[in-house]
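Student: I have just opened this one and would like to walk through it with you. Could we start with the charged side chains?

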Amino acid sequence: MLQSLSRKTKCVVQITLTTYDEDLCRIVEPNVSTTLERFRVLEAMKEAGIPTVVWLGPVLPFLNDSEENLRGLLDYCVRAGVWGILCFGFGVTMPAGTREHFYRCLDR
């Protein structure tokens, strides 16, 4: 279906990648496709000739802000031949109460 659409008009598939570590991905993003599964979709889109864009993030302090994580995600992007990577900074906003909740979760 996407190939047919892509031949007739502009079709771009966008996917979010958050963390390279599959175990951490299952914790940070429960009940969704893991990063490896999303990478496989990106590869399938490349094979089908459909352009892709990756939304990189959120990058959360102390969880997935390591160089290893970022290099792994960027490697996936290169291997899948994505057309673009969107990243709106690597910060996270924490309004009143959110910071305390975030740190409690880190402690757990």
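Student: How many salt bridges does the count come to?
Tutor: This is a predicted model, and in it the count comes to 4 salt bridges. One of them joins the side chains of E29 and R38, at 3.2 Å from N to O.

Student: Are E29 and R38 buried or exposed?
Tutor: Both E29 and R38 are buried.

Student: And which residue does E67 form a salt bridge with?
Tutor: E67 forms its salt bridge with R71, and the closest N and O atoms of this pair are 2.7 Å apart. The two residues sit 4 residues apart in helix α4, which spans residues 67-80, so about one helical turn separates E67 from R71.

Student: Is that pair buried or exposed?
Tutor: E67 counts as exposed because its relative accessible area is 54%, and R71 is exposed as well, at 58% relative accessibility.

Student: What about R79, which partner does that one have?
Tutor: R79 forms a salt bridge with D75, where the closest N and O atoms are 3.1 Å apart. Helix α4 holds both R79 and D75, again 4 residues apart, about one turn of the helix. R79 is partly exposed, with 42% relative accessibility, and D75 is also partly exposed, with a relative accessible area of 32%.

Student: Switching to cysteines, how many disulfides are there?
Tutor: The count comes to 0 disulfides.

Student: Why is C77 not in a bond?
Tutor: The closest cysteine sulfur to that of C77 belongs to C87, and because it is 11 Å away, it is too far for a bond. Seen from the other side, C87 is in no disulfide either, its nearest cysteine sulfur being that of C77. As for their surroundings, C77 is buried at 3% relative accessibility, while C87 is partly exposed at 33%.

Student: Now the strands, please: which way do the side chains of β1 point?
Tutor: Strand β1 covers residues 13-17, and its side chains alternate: V13, I15 and L17 point to one face and are buried, whereas Q14 and T16 point to the other face and are not buried.

Student: In what sense do β1 and β2 pair?
Tutor: They pair in the parallel sense, over 5 bridges, with β2 made up of residues 52-56. To take one position, V13 has T52 of β2 as its bridge partner.

Student: Where is T34, and what is it in contact with?
Tutor: T34 is placed in the loop between α2 (22-28) and α3 (35-48). Apart from its neighbours within four places in sequence, T34 is in contact with E22, C25 and R26. With E22 there is a polar contact from side chain to side chain, at 2.6 Å.

Student: Why does T34 count as buried?
Tutor: T34 counts as buried because its relative accessibility is 8%, and the cut-off for buried is under 20%.

Student: What is unusual in the backbone, then?
Tutor: As background, most residues other than glycine have a negative phi, and most peptide bonds are trans. Here, N31 has a positive phi of about 65° although it is not a glycine. N31 is in the loop between α2 and α3, and with a relative accessible area of 82% it is exposed.

Student: And which peptide bond is cis?
Tutor: The bond from G57 to P58 is cis, with omega near 5°. P58 lies in the loop between β2 and α4.

Terms used: Residues numbered from 1 in each chain as written. Predicted model: local features only at pLDDT ≥ 70, side-chain atom pairs only at ≥ 80, totals over all residues. Heavy atoms only, no water. Buried < 20%, exposed > 50% of the residue type's maximum accessible area, 1.4 Å probe, protein only. Pairing = 2+ DSSP bridges. Polar contact = N/O pair within 3.5 Å; in protein donor to acceptor, adjacent residues only side chain to side chain. Contact = heavy atoms within 4.5 Å. Disulfide = S-S within 2.5 Å.
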